[in-house]
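This briefing is for a reader who has not met this structure before. Please look over the sequence and the model, then read the points below.

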Amino acid sequence: ASDNVTLHISCHPACDTDLKTPNNWGSNMLKFLEDSQFCYHSILITLDELHGGYNYGPKAQAYNTKDAYFYKTKRGVKLLEFADLLLDRAVNKLKEHCDETRFLEFSRVLIIDYQHEITKTIFHKS
């Protein structure tokens with residue numbers, strides 16, 4: 001098949017960054033990769049800012065600008081570092097058992113920016 005399959009996992013600012021914690025989101029992702037033995041073409045980890053959510057309606061204050069600064073704080077930097085480490089481990093795990101790894105270079109850690117106009121447009125259409 002010529003389809004590319006990306007594994008996507010998302011985390012909010014309160015996600016646990018200790019891989020030794022039982023049921024940690026990162027540990028669970030690595031265990032899932034190991035158990036499934038599926039050869040994903042890329043991995044996407046999104047870090048989600050706190051926001052009002054679409055359930056509150058378009059008149060609500062859905063975008064909290066102070067959260068954009070979270071990733072510059074000590075906790076935010078730690079979460080970004082953890083996500084980068086997790087991505088490296090996941091990519092290496094795929095390389096161990098997959099023949100086709102040429103698309104893994106497209107694996108990324110991204111922060112969802114709720115202030116961006118494209119994000120706002122998608123958010124309000126959902």
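A residue counts as buried when its relative accessible area is under 20%, as exposed when that area is over 50%, and as partly exposed in between. Cys-98, at 7% relative accessibility, is buried because it falls under that 20% limit. The model is predicted. Buried residues account for 34% of the 126 residues in the protein chain.

**Overall build**

- The protein chain contains three helices and three strands.
- Read from the N terminus, the order of these elements is β-α-β-α-β-α.
- Among the contacts in the protein chain with a separation of 6 or more, 74% are between residues 24 or more positions apart.

**Disulfides**

- How many disulfides does the count come to? The count comes to two disulfides.
- One disulfide is formed by Cys-11 and Cys-15, with 1.8 Å between their sulfur atoms.
- Cys-11 has 2% relative accessibility and is therefore buried.
- Cys-15 is also a buried residue, at a relative accessible area of 8%.
- Another disulfide joins Cys-39 to Cys-98, with an S to S distance of 2.3 Å. This distance lies within the 2.5 Å allowed for a disulfide.
- The link of Cys-39 and Cys-98 is left-handed, with -100° about the S-S bond.
- Cys-39 sits in the loop between α1 (25–36) and β2 (42–48), and Cys-98 sits in the loop between α2 (74–97) and β3 (108–112), so this disulfide ties together parts that are 59 residues apart in sequence.
- Cys-39 has a relative accessible area of 28%, so this residue counts as partly exposed, whereas Cys-98 is buried at 7%.
- When the bonded cysteines of the protein chain are numbered in sequence order, the pairing reads 1-2, 3-4.

**Aromatic pairs**

- The count of aromatic pairs comes to three.
- Trp-25 and Phe-82 have ring centres 5.6 Å apart and ring planes at 65°, so they make an edge-to-face pair. The cut-off behind this label is an angle over 60 degrees.
- This pair links distant parts of the chain, since Trp-25 belongs to helix α1 and Phe-82 to helix α2, 57 residues apart.
- Trp-25 is buried at 12% relative accessibility, and Phe-82 is buried with a relative accessible area of 5%.
- Phe-32 and Tyr-40 make a tilted aromatic pair, with 6.5 Å centre to centre and 40° between the planes.
- Is Phe-32 buried or partly exposed? Phe-32 is partly exposed, because its relative accessible area is 40%.
- Tyr-40, in contrast, is buried at 10% relative accessibility.
- Phe-32, Phe-38 and Tyr-40 belong to one aromatic cluster.

**Packing of α1 and α2**

- Two packed helices are described by the angle between their axes and the distance between the axes.
- The axes of α1 and α2 come within 10 Å of each other and cross at roughly 10°.
- What does this angle make of the two helices? Angles under 35 degrees count as roughly parallel, so α1 is roughly parallel to α2.
- On the α1 side, the residues in contact are Trp-25, Gly-26, Met-29, Leu-30, Leu-33 and Glu-34.
- On the α2 side, they are Leu-79, Phe-82, Leu-86, Arg-89, Ala-90, Lys-93, Leu-94 and His-97.
- By class, nine nonpolar, two polar and three charged residues take part in the contact of α1 with α2.
- Trp-25 and Phe-82, the edge-to-face pair, are both among the residues of this contact.

**Loop residues**

- Gln-37 is located in the loop between α1 and β2.
- Gln-37 has a phi near 55°, which is a positive value in a residue other than glycine.
- With 44% relative accessibility, Gln-37 counts as partly exposed.
- Where is Glu-105 found? Glu-105 is found in the loop between α2 and β3.
- Glu-105 is exposed, because its relative accessibility is 55% and the limit for exposed is over 50%.
- The C-alpha atoms of Glu-105 and Val-91 are 8.9 Å apart, and these residues are 14 residues apart along the chain.

Key. Residues are numbered from 1 along each chain as its sequence is written. This is a predicted model: local features need pLDDT of at least 70, side-chain atom pairs count only at pLDDT 80 or more; totals for chains, interfaces and linings use all residues. Side-chain values use heavy atoms; hydrogens and water are left out. Buried means under 20% relative accessible area, exposed over 50%, partly exposed in between (1.4 Å probe, protein chains only). Helices (H or I, at least four residues) and strands (E, at least two) are DSSP runs, numbered from the N terminus. Rings of Phe, Tyr and Trp (its six-membered ring) pair if their centres lie within 6.5 Å; planes under 30 degrees apart count as stacked, over 60 as edge-to-face and the rest as tilted. Axes are lines fitted to C-alpha atoms, for helices over the stretch in contact, and angles run from 0 to 180 degrees between N-to-C directions. Angles under 35 degrees count as roughly parallel, over 145 as roughly antiparallel, 65 to 115 as roughly perpendicular and the rest as oblique. Contact means heavy atoms within 4.5 Å. Ala, Val, Leu, Ile, Met, Phe, Trp, Tyr, Cys and Pro count as nonpolar, Asp, Glu, Lys and Arg as charged, and the others, Gly among them, as polar.
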